[in-house]
Structure formats: structure tokens, C-alpha cells
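Q: Got a minute to go through this one with me? I'd like to talk sheets and salt bridges.

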Amino acid sequence: MAAGHVQEFLCFTDYDTELVCHWKVPAQTDCSKEFLLHYSVGPLHSATGVCFPKNGEDSSKCTCTIHADYFVSGLTYDLSLQFNGTDMWNYSVTPALIVKPRAPKNLAIEKTENGNFNLSWEESSSPSSMLSGQPVIYEVKYWRKQHPTEVSVKTINYQAKSFEITASSLRRGYDYVASVRCNYTEYPAYWSEWSEGVEFHSDYPVTAEDILQMAVPVSCILIMAVSVICYFCFTKVKKEWW
């Protein structure tokens, strides 16, 4: 296999315990038998190791996960990819520049007294992670379960772990799903994956504003209908009178 057959080699880290690299290969490739990923850490190569790749969910991709005790700013990993015992190429990565945080976890949603829905979550990084306490941006998206392509996305540009979804932005009587992802402003290379969704049901009561919004168009239609009927009745009476 030529080096050119390995495409889209890409690495990212949760900046906590893992550095993950993956690359595309021809279909039916057995990653664990054909590839090895050697790595050394730091300017003096103070730590070395071998990562044994596995086939990903997509059979045309190999994935290698390097477990680390810690990450610090300025740390560099030198990688060497082997195919059937032959060095194919070398690659260097700086974890601080390829951070892809873990998705937020433990999503919960509850209805508030004013009829809105309060969505809350937790960070997935451990207290010892370099990301712990760092400024973070969240994106919240929610959609009708029956219409997953009609998505509302809101950005939260402050250190918060909750978001209030207003009842007026929802359609009554539908099931909704909400999800969250994050990006750290000091390490902006990648957004996290979207979290697992949490479901809720929009059943807020009819308000006076809702009634008014429904009454105005209905009244206009009735007025137009009555006007048309009166016009035709007048025309008919006028014709008979003449």
C-alpha cells in the first residue's frame, strides 16, 4: 500500500485523558493487523509507546486512541505510522491546538412556573483537565421530534450551564428534543459533538394573547365572507327590483 492510500489523517484530543487519531483506508482493510502508530512525547521524547488501531464504525476508517496521564500547553506528540512493518510517514501534533472537548452530559429539563422550560447540563471534563474552569461557549438546539430538520439553535456566550426555552417559541401539543454542544474560547479548534438529547412535551395553556392572535384572522375572514354575501344579495335584489 502506498502512503498516498492513507487519506485524511486527523488527530484531536479531549485535553483530559485521550488523544485520538484516525485516517481513511481502502474498504476491507484490517486496521489492527496492518497498521501500528508509534508515538513519543515531549522535546526529549520522555515517553514513548505504540497504539494499535481499530476499525471504526465506518469500515473505511482506522482509529487509534492514545491514553495520557496529563496534557499541558506546549506539549508535542511525534507520531510515526507503520503499514505492515514499514514506516509510511511521520506526523507531529500539539494537543493544545487540536482540542475537541467532550460533549456536555447529564442534560435535564423541567417546566418553570411561567410555563417555559429550563434546560440544564454539566461539563464532561474532569476537575484535573486543562479545560476545567476555562471560558466556554455553548450552543443549544431543539426541534420537534416529528420534524427533526426544523431546528432552532441558540448560542450562549457566557459561563452558564442552563438555558430557558420560552414556551412561545414552541408549538403546542408536540414532543421536542433538546441537545447541547460546547467550544472553549482558549482552545477553539473544534466544537464538541452534540450531547445526547433530552425530550420534553410542549403543552402550555392557551393565553389571552393566543386567543387574540387566533381571533383577529378569524374575524377578518368572517367580515370578508359577510361582505361578499351582502354584495351578492344586494346585486340580486337590485336586479330583481329593476
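What follows is a quick chat about a sheet and some charged pairs in this predicted model.

Q: Sheet first. What's the strand order in the open sheet of four strands?
A: The order is 4-3-7-8, and the pairing is antiparallel.

Q: Which strands stand at the edges?
A: Strand 4 (47-51) and strand 8 (86-93). Each has a single partner strand, so one side of each is left without a neighbour in the sheet.

Q: How much are neighbouring strands turned against each other?
A: By 20° on average, direction ignored.

Q: And how many bridges between strand 3 and strand 4?
A: Five, in the antiparallel sense. Strand 3 covers residues 35-41. Histidine 38 stands opposite valine 50 in strand 4.

Q: Switching topic. How many salt bridges are there?
A: Eight. One of them pairs arginine 102 with aspartate 14, with the closest N and O atoms 3.0 Å apart. That pair links distant parts of the chain, 88 residues apart.

Q: Where do the two partners sit?
A: Arginine 102 is in the loop between strand 8 and strand 9 (105-111). Aspartate 14 is in the loop between strand 1 (7-13) and strand 2 (18-24).

Q: Is aspartate 14 buried or exposed?
A: Aspartate 14 counts as buried, because its relative accessibility is 8% and the cut-off is under 20%. Arginine 102 is partly exposed at 34%.

Q: What about lysine 145, what does it bridge to?
A: Glutamate 199, with the closest N and O atoms 3.1 Å apart. Lysine 145 is partly exposed at 42%, and glutamate 199 is partly exposed at 47%.

Q: Which residues do shared partners join into one network?
A: Asp14, Asp16 and Arg102.

Terms used:
Residues numbered from 1 in each chain as written. Predicted model: local features only at pLDDT ≥ 70, side-chain atom pairs only at ≥ 80, totals over all residues. Heavy atoms only, no water. Pairing = 2+ DSSP bridges. Helix = DSSP H or I, 4+ residues; strand = E, 2+ residues; numbered from the N terminus. Axes fitted to C-alpha atoms, helices over the stretch in contact; angles between N-to-C directions. Salt bridge = Lys/Arg side-chain N within 4 Å of Asp/Glu carboxyl O. Buried < 20%, exposed > 50% of the residue type's maximum accessible area, 1.4 Å probe, protein only.
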